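User: Please look closely at one part of this structure and describe it in connected prose. I would like to know how its ring contacts and its strand pairing fit together.

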Amino acid sequence: MKLTQTLFLVVTVCHVILVEGCTFKCSLVEDILEKMFKSRGSDNCSNPKPNEIPAFSASLTNSKVLGATEIVKFDKVWTNNGNDYDPNTGIFQAPFKGVYQFSFTVMSSSGKNLFVYLWQNDTRLVSVYPGTGYNEGTANMVLNLKKDDRVYVKCGGSGQGYIYTGKDYWYSMFSGYLIHATI
């Protein structure tokens, strides 16, 4: 029942009880209101509790030659609330419908090209071309996702990509988090 309908019902019941001269305990109205507000929150399953909010950050541990359409597997996981990012596939899968923020930074290898895209399911979104040499490129996106949508970083272009990272420097990374769940 919608909140306005419930409030109307409570006000109507209270009016009948008070105006018609019936007696009741004030705690009855308080109990009704308390249950109404509790049920209002529990009916909205798409809003996660704070400790369930999906968030992840992962870095690349080793430089790599990427195939022309290979998904980048950022394998050093720093944070993975809900385990919705899979470092074995490089894919984040949305556990809730909502608004999410994603960012990634990649570094090209010396003398080698690197061209990557952010993907949502099978749709190519923004691209980053850091060029050749030890250059970095970064992209940030806010996306409306449905439950089970997938987001990942994938090599672009017709040839190979050369992604760089230094030992314990973590130059290439990927992260995302839920901003707000929606119904």
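Analyst:
**Aromatic contacts and strand β6**

Tyr171 has a relative accessibility of 26% and therefore counts as partly exposed, since buried would require under 20%. The model is a predicted one. Tyr164 is likewise partly exposed, with a relative accessible area of 23%. Across the structure there are 17 aromatic pairs. One of them joins Tyr164 and Tyr171 in a stacked arrangement, with 5.9 Å centre to centre and 25° between the planes.

Tyr164 also belongs to strand β11 (residues 161–164), which pairs with β6 in the antiparallel sense over two bridges. Within this pairing, Ser108 has Ile163 as its bridge partner.

Strand β6 (residues 98–108) is largely enclosed by the rest of the structure, because eleven of its eleven residues are buried. It also has other pairing partners. Ten bridges connect β6 with strand β9 (residues 136–145), and these two strands run antiparallel; here Thr105 stands opposite Thr138. Strand β12 (residues 173–181) pairs with β6 over eight bridges, again in the antiparallel sense, and Gln101 faces Tyr177 there.

The strands and the rings meet in one aromatic cluster, formed by Phe56, Phe74, Tyr85, Phe92, Tyr100, Phe102 and Phe174. Of these, Tyr100 and Phe102 belong to β6, and Phe174 belongs to β12. In a regular strand, side chains alternate between the two faces of the sheet.

Charged groups also contact rings. Arg124 lies over the face of Tyr117, at 4.5 Å from the ring centre. The charged end of Lys154 sits over the ring of Trp119, 4.1 Å from its centre.

Definitions and conventions. Residues are numbered from 1 along each chain as its sequence is written. This is a predicted model: local features need pLDDT of at least 70, side-chain atom pairs count only at pLDDT 80 or more; totals for chains, interfaces and linings use all residues. Side-chain values use heavy atoms; hydrogens and water are left out. Rings of Phe, Tyr and Trp (its six-membered ring) pair if their centres lie within 6.5 Å; planes under 30 degrees apart count as stacked, over 60 as edge-to-face and the rest as tilted. Buried means under 20% relative accessible area, exposed over 50%, partly exposed in between (1.4 Å probe, protein chains only). A charge sits over a ring if NZ of Lys or CZ of Arg is within 6 Å of the ring centre and within 35 degrees of the ring normal. Helices (H or I, at least four residues) and strands (E, at least two) are DSSP runs, numbered from the N terminus. Two strands pair if DSSP finds at least two bridges between them.
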